[in-house]
Structure formats: C-alpha cells, structure tokens
Amino acid sequence: MLEITEKSKCCGCSACQAVCPHDAITMSRDALGFAYPSVAADKCVKCGLCIRVCDFNNKNEATAEACDTIKVSAARNRDDSVLENSQSGGVFTSLATDILNGNGTVYGAAMNADFTVSHHRIDSVSSLPSLRGSKYVQSDMDDMFRRVREDLESGRKVLFSGTPCQVAGLVSYIPERLRHNLHTVDFICHGVPSPAIWHDYVSYMSSSGKIVGASFRDKSEGGWKRHVETFTYDDGRKVARESFRVLFYKNIMLRPSCAACPYHYDNRKSDVTIGDFWGIGELSARFDGDEGTSMVICNTDKGRSMLEDAGRSLDICELAVGKDFLL
C-alpha cells in the first residue's frame, strides 16, 4: 500500500490516483494546499500499481548525453497580440495551435474564476488564451491524466503542458502503445509555491475591493523582465505588488519535493522544455527586449519535429550554451 512518510518524496503529480483501478486513492491537501495521496484501506487490494507508476521515486537514468554545452533556441512569436499576452516569447501558443488545428486536444494550467489554478482540457484555438501565462502555484490535476488517456485511446493527438514532475508522472502513467500521439511540454521550473498562501494573499488583497482579474507576472507593468503580480478591481484600479514574487524567490513557500527534484536539465521526460530566456542579451541583441523571448530545448526527436512544425509562426535563433548558463 502506498504510504507517504516524507513529504519531500511526493511531487503531487496524481499518477498514483489515476492508475488505481479501484479508485482507492484520493489527493488530499495539507495546510499549505499541497496535494498528497490518501489510500482507502477498504478499497486497496495491494496490487502495487501506485508504487510502480511513481516516476518521482523510481530512479531513472538521465536521458541526455553528458556534454559541456547544450543546444537551445531563442524564439519569439511573430504575432504581436500573442506575444503581448504570453508570459515570454509565445512558443506554447504555437505548439498548441498546431495540435488543435489537427483535431487534437491540449491540457494546461489555467486560472479559475475564484483565482485557484487547475489543469484544463481544451479542443479549440479560441480557448487557448486561458492556458497562456505562468501560474506560480501548483495546479490541481483532478482527473486530467485519465482524460488524456481517453483522448489517446480515441486516436486523438494530445499536447500536455505542465511542470517537469507532472509531465514525468503522466508519461509513466500512459502505456507505451499510446505515447506516439502524446506530445509533452514542461518548463524551466524554480519550484511550485503554496496554493494556500496564494489563496490567503488574494483574500487579503480583496479587502480593498472586488478583484476581477489577477496576474502572477504582468508584462504590462514595466515589460517582460520586471516580475510583479497585479490585481485588477471592478472599479478599474490595477494594483501592482511584489510580495508573492519575493516569497517565491526566497524559496520559503515551495513544495518540499522541489528541493529534491530529479528532473534537472539533463533528465527531462518531456519532448520540449520552454522557459524565459534570461540573459539572451549576452547572446543575441536581436532577441533582447521588453516584449519577451522564450528559451526552447528539444529533448526528443518528437520535440524537434514539434518545434519545426511550429516554426512557421516563430522567429527562431539556434544557439549553443554552456550548462552553467542554465543554472
């Protein structure tokens, strides 16, 4: 029977819940809002599927060859409106659009009406804006892994976007026979902050009025390089703050497992890794600006094909950087 005795050994991906054929596992939240598996003893038959599916605790060898440099791409969406409403360079929109235009489905984190964050499934380009932008809390997965499998079983292509541990959990859960239509994107992850602290922060900011919009990182407040959160009120006010950002970078509200994350830069389970290309000005003046630039790392042949297909809507520059540059 699955038993979490140390919180640092569970990333909360929900693969164990999804794989259980008897629905004996639920994800329960602790005081900080992080989800952990809880097993109903009366339903558990001790089959061990939940333990075997756990990629986080099953030691896997690095998937990339050891080398001093790594090939990356600097990329920026050619559509100004997409670029303006994306967190950095708008690469995710291009990757997702290709899948959606091929009658596929896309899964990613979205902010709900109550300002919680959860994974959503979309099947149209018109729904894509809800998945744009970074969400600096761990998202609620609910039944997303099972829904991904249902789409794959029906023959549809799927693009799943999430943290490195969420992607690894999904890949471990999906049978190998279905993975040819599964396309995965993770991001350069600093760690996932507490949903409960975000909830309390929103409640505090609500004391001065009704909040109708929130952004974890608002590019309209000084450009891409300035990291501030904003709250928009029903009277038209927009208030910028840096309190959540400070807590994030001080690492004092991250999930315990983040400090033991095995998915470093050469052990990715995703097809493509994306992130903000900090320091791009040192490598390319053309891509240095307030509008934002994405770093793209292709981890698999499928990932390279994904970027090639999406490249029609992207301005791309291939680079080779030292691994120290990524730290």
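In this predicted model, helix α9 lies across six strands: β3, β6, β7, β11 (272-276), β12 and β13. Helix α9 runs at about 85° to β7. The strands that α9 crosses belong to an open sheet of eight strands. The order in that sheet is β5-β4-β6-β7-β11-β12-β3-β13, and the pairing is mixed. Strands β5 (117-122) and β13 (314-322) stand at the edges. Each has a single partner strand, so one side of each is left without a neighbour in the sheet. From one strand to the next, the twist averages 25°.

Within this sheet, strand β3 (residues 69-77) is joined to strand β12 (residues 294-298) by three bridges. The two strands run antiparallel. Ala-75 stands opposite Ser-294 in β12.

A further helix, α6 (residues 164-173), lies across β5, β6 (158-161) and β7 (182-187). Helix α6 runs at about 160° to β7. Strands β6 and β7 are therefore crossed by both α6 and α9.

Helix α9 also packs against another helix. Helix α4 (residues 91-101) meets α9 (residues 301-310) at an angle of about 95°. The axes of the two helices are 9 Å apart. Because angles of 65 to 115 degrees count as roughly perpendicular, α4 is roughly perpendicular to α9. From α4, the contact is made by Ser-94, Leu-95 and Asp-98. From α9, Met-306, Leu-307, Asp-309 and Ala-310 take part. By class, the residues of this contact divide into four nonpolar, one polar and two charged.

A second open sheet has three strands in the order β8-β9-β10. Its pairing is antiparallel. Strands β8 and β10 (238-241) are the edge strands, and each pairs on one side only. The twist averages 20° from one strand to the next. Strand β9 (residues 229-233) pairs with β10 over four bridges, in the antiparallel sense. Here Glu-229 stands opposite Arg-241 in β10. Helix α7 (residues 195-205) lies across β8, β9 and β10. The helix runs at about 45° to β9.

Strands β1 (residues 25-29) and β2 (residues 35-39) run antiparallel and are joined by five bridges. Met-27 stands opposite Pro-37 in β2. The hairpin of β1 and β2 has five residues between the strands. In this hairpin, Gly-33 takes a positive phi near 90°.

The second largest pocket has a volume of about 590 Å³. It is lined by 22 residues. The closest to its centre are Glu-84, Asn-85, Gly-133, Ser-215 and Arg-217. Two elements, α3 (80-84) and β8 (211-215), give two or more residues to the lining. Helix α3 provides the largest share, three residues. Strand β8 thus appears both in the pocket lining and at an edge of the three-stranded sheet. By class, the lining has five nonpolar, eight polar and nine charged residues.

Notes. Residues numbered from 1 in each chain as written. Predicted model: local features only at pLDDT ≥ 70, side-chain atom pairs only at ≥ 80, totals over all residues. Heavy atoms only, no water. Axes fitted to C-alpha atoms, helices over the stretch in contact; angles between N-to-C directions. Parallel < 35°, antiparallel > 145°, perpendicular 65-115°, else oblique. Contact = heavy atoms within 4.5 Å. Nonpolar A, V, L, I, M, F, W, Y, C, P; charged D, E, K, R; others polar. Pairing = 2+ DSSP bridges. 1 Å grid on protein atoms, 1.4 Å probe; cavity = no way out; pocket = protein on both sides within 12 Å on 5 of 7 lines; lining within 4 Å. Points joined across faces, edges and corners; volume = space filled by probe spheres on them.
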